[in-house]
2 protein chains.
Amino acid sequence: MKTYGVIMAGGGGTRFWPLSRKERPKQLLNLSGKDIMVNETIDRIASSVGKENIFIVTNETQAKLMKTETAGRMAPERILAEPAARNTAACIGYAAMEIVKKYEDGIMCILPSDQFVKDTEEFTRVMDAAITAAEETDMLVTIGIEPTFPATGYGYICTESGDGVMVGESGKQYRKVKEFVEKPDEETAKDYLASGNYAWNSGMFIWKASTILKKFEELLPDIYECLTRIGEAMGTPQEADVIQKIYPEIPKISIDYGIMERSRDVIMIAGDFGWNDIGSLDMLSIMKPADENGNVVYGEQVNIDTMNCILYGTDKMIATIGIRDVIVVQEKDAILICDKNRAQDVKKIVDMLAEKGLESFL
Amino acid sequence: MKTYGVIMAGGGGTRFWPLSRKERPKQLLNLSGKDIMVNETIDRIASSVGKENIFIVTNETQAKLMKTETAGRMAPERILAEPAARNTAACIGYAAMEIVKKYEDGIMCILPSDQFVKDTEEFTRVMDAAITAAEETDMLVTIGIEPTFPATGYGYICTESGDGVMVGESGKQYRKVKEFVEKPDEETAKDYLASGNYAWNSGMFIWKASTILKKFEELLPDIYECLTRIGEAMGTPQEADVIQKIYPEIPKISIDYGIMERSRDVIMIAGDFGWNDIGSLDMLSIMKPADENGNVVYGEQVNIDTMNCILYGTDKMIATIGIRDVIVVQEKDAILICDKNRAQDVKKIVDMLAEKGLESFL
């Protein structure tokens, strides 16, 4: 069966302010110094599915810039524009319907656009195994990341041993998912790590388009109805109008809550390829090696007695004296100075700017 | 006797980087939100000496901008340009020679250009008393600031009680200076404060031009010889050439080391007019009232859990999360983030930038 990459690239990434802005969200940032995140994601999945078989689902407001930034890699018609952000279930359902209607069926490899992978060869090996699993089991496949520390910032996947192992047609063994669990506190995270049965939820899913649509029909019938109406219009002159009308009405729910956590036929392929979810600015520290004082530096800087800081300047000199565990980010018209342990609160700054009507900074 | 103001405005103010730069040193910064420091100094001394009787001694490289910035207040010919920075003795000697040669004699009120005075009326009252003292005693007069806390950042003046009090022709009593002492450690500063005999050395001096020139002749004969040669050329077509040639040869010494600490005929007028020496960036906090979290803010900012910080942005938004006792200063192409207790080290950042050849930031 043919395989397709589906890159979910509709988020705003407000935890990445001031780097991310309305008109240039996180997935369009070049954080690695090599390329923007969405292009790195395209290249990563292209090894498994072929460059010509990739879709990007993004927000209508970002679609134009997305087309410009991915030109050369992506045919513009493979960039699906959502008229409204309706969370991941809608996004995945839309792509599944597109594949079923235009190509009968296919295996979808669904990836967030804002993740970092160090070992891309190993990633490809794991992804190929997941594709095989999806094809031969007809189940929902997810990639679980071998945890390396008791992370509290990720959800976890618990797999079963013993009865939880199933065998595919190829003779390969697959671990069934027992449950998905929310981000734990530190104590629980330590228990998870010690047990050996828990992996980080990567948010990467692999399944047949027809299989996930059956899941929508069964578990999310309201969304399925919307998707059916959109599917009926696909390829007709009414397609754009129908999407504009129907899409904003799709109930907002994540694929995790809507389907994954409510399904028993889920298997997990374990991966260990230097993975990180680039969720907040403190993750900048994993994109580049730190200097001898633990500082990760992007751009020009001079410092005195500065330890374990992230210093990110785009076009200004950053000078620091006597600070530690602080994130400094300068972009265009704004500067953020943030305690490293408070990176999650950057979103609140964006909310405050919006409340004050300071649109130019958003 | 006629009185003259002499404003010493030749410094670079590297502790004020990134606000102060080579081409715009500290005295040309508007920190109060009202006017640049040198203009505020002109206005302050004008009440005692008259606007038309003020000289500014500055560096040749700053003279042009100084003339532009003080236009309307200062006749350009009253801005004396030093071809080289030779410390305060040379600067004061030059101005004294100018006054003696062009106006026979006069009382000089010498002020640094980078001080903050809250109560300008009281300042004028104290300055007028100092002028009277200089005129009727023919001694060296300095203004000592009543200390309000055990400051370690200022030098101190110790005055004598009992025998140390002298009476002027007018019947006024003056306290003679026993000694000038260097910046003390905290313990010593506490002792000074408790004793009641110590005042902060303001760096403001009042005396007759002829009196200080006699002191140069007696205590700094090398400098006096240079000054004499410059004085002989004053008013002749050779004046500029002679200054260019002689001035850079004047030995570098401060008026404090060269004359004040070696003289017994010094009296101190005590002043209490909300004085601060704006020596380093932490002093920005005294120029503006703090908000309820102790933050002093210049420019646009939003913050979360930010305490006792100085947040100074000229044209960028500054956003902070979870920081305290930090100075953030943004100006043009550079941002400084500095522990509030390390403000003295800003000079080292400037040295580092110079060493790296990053001229554009200096």
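This text walks through salt bridges, a charged surface patch and some backbone features of a predicted model.

A start can be made at A:Asp114, which sits in the loop between β4 (107-112) and β5 of chain A. Its relative accessibility is 17%, so A:Asp114 counts as buried, the cut-off for buried being under 20%. Apart from neighbours within four places in sequence, the residues in contact with A:Asp114 are A:Lys26, A:Met37, A:Asp277 and A:Ile278. A:Ile143 is 29 residues from A:Asp114 in sequence, and the two C-alpha atoms are 16 Å apart in space.

One of these contacts involves opposite charges. Side chains of opposite charge can pair when their charged atoms come close. A:Lys26 and A:Asp114 form a salt bridge, with 2.9 Å between the closest N and O atoms. A:Lys26 belongs to the loop between β1 (3-8) and α1 (37-49) of chain A and A:Asp114 to the loop between β4 and β5, so this pair ties together parts of the chain that are 88 residues apart in sequence. Both partners, A:Lys26 and A:Asp114, are buried.

A second salt bridge in chain A joins A:Asp265 to A:Lys215, where the closest N and O atoms are 2.8 Å apart. This pair also links distant parts of the chain: A:Asp265 is in the loop between α9 (255-258) and β11 (266-271), A:Lys215 is in helix α6 (residues 209-219), and 50 residues separate them. The partners differ in cover, because A:Asp265 has 28% relative accessibility and counts as partly exposed, while A:Lys215 has 8% and counts as buried.

In chain B, a salt bridge is found within one helix. The side chains of B:Asp351 and B:Lys347 meet at 4.0 Å, N to O. Both residues lie in helix α10 (residues 346-355) of chain B, four residues apart, which is about one turn of the helix. B:Asp351 is partly exposed because its relative accessibility is 36%, and B:Lys347 is partly exposed because its value is 33%. Elsewhere, A:Asp305, B:Arg342, B:Asp345 and B:Lys348 are joined into one network by salt bridges that share partners. Over all chains, the count of salt bridges comes to 33.

Some charged residues are grouped with others of like charge. On the surface, A:Asp119, A:Glu121, A:Glu146 and A:Asp272 gather in a patch of negative charge. A:Asp119 is placed in the loop between β5 (115-117) and α4 (120-137) of chain A. Its relative accessibility is 37%, so A:Asp119 counts as partly exposed.

The backbone has some features to look for as well. A:Trp17 and A:Pro18 are joined by a cis peptide bond, with omega about 5 degrees, and A:Pro18 is in the loop between β1 and α1 of chain A. In chain B, a cis peptide bond joins B:Trp17 and B:Pro18, again with omega about 5 degrees. B:Pro18 is in the loop between β1 (3-8) and α1 (37-49) of chain B.

Positive phi angles appear at A:Asp138, about 60 degrees, and at B:Glu104, about 70 degrees; A:Asp138 is not a glycine, and neither is B:Glu104. A:Asp138 is found in the loop between α4 and β6 (140-145) of chain A. With a relative accessible area of 34%, A:Asp138 is partly exposed. B:Glu104 is in the loop between α3 (87-103) and β4 (107-112) of chain B, and counts as exposed because its relative accessibility is 69%.

Note on methods: Residues are numbered from 1 along each chain as its sequence is written. Chains are lettered from A and ligands numbered from 1 in the order in which they are written. This is a predicted model: local features need pLDDT of at least 70, side-chain atom pairs count only at pLDDT 80 or more; totals for chains, interfaces and linings use all residues. Side-chain values use heavy atoms; hydrogens and water are left out. Patches are made of residues with over 30% relative accessible area and no salt bridge: like charges are joined within 9 Å, nonpolar side chains (Val, Leu, Ile, Met, Phe, Trp, Tyr) within 5 Å. Accessible areas come from the Shrake-Rupley method with a 1.4 Å probe; for residues, only the protein chains shown count as cover. Lys and Arg count as positive and Asp and Glu as negative; His and the chain ends are not counted. The place of a charge is taken as NZ of Lys, CZ of Arg, CG of Asp or CD of Glu. Helices (H or I, at least four residues) and strands (E, at least two) are DSSP runs, numbered from the N terminus. Buried means under 20% relative accessible area, exposed over 50%, partly exposed in between (1.4 Å probe, protein chains only). Contact means heavy atoms within 4.5 Å.
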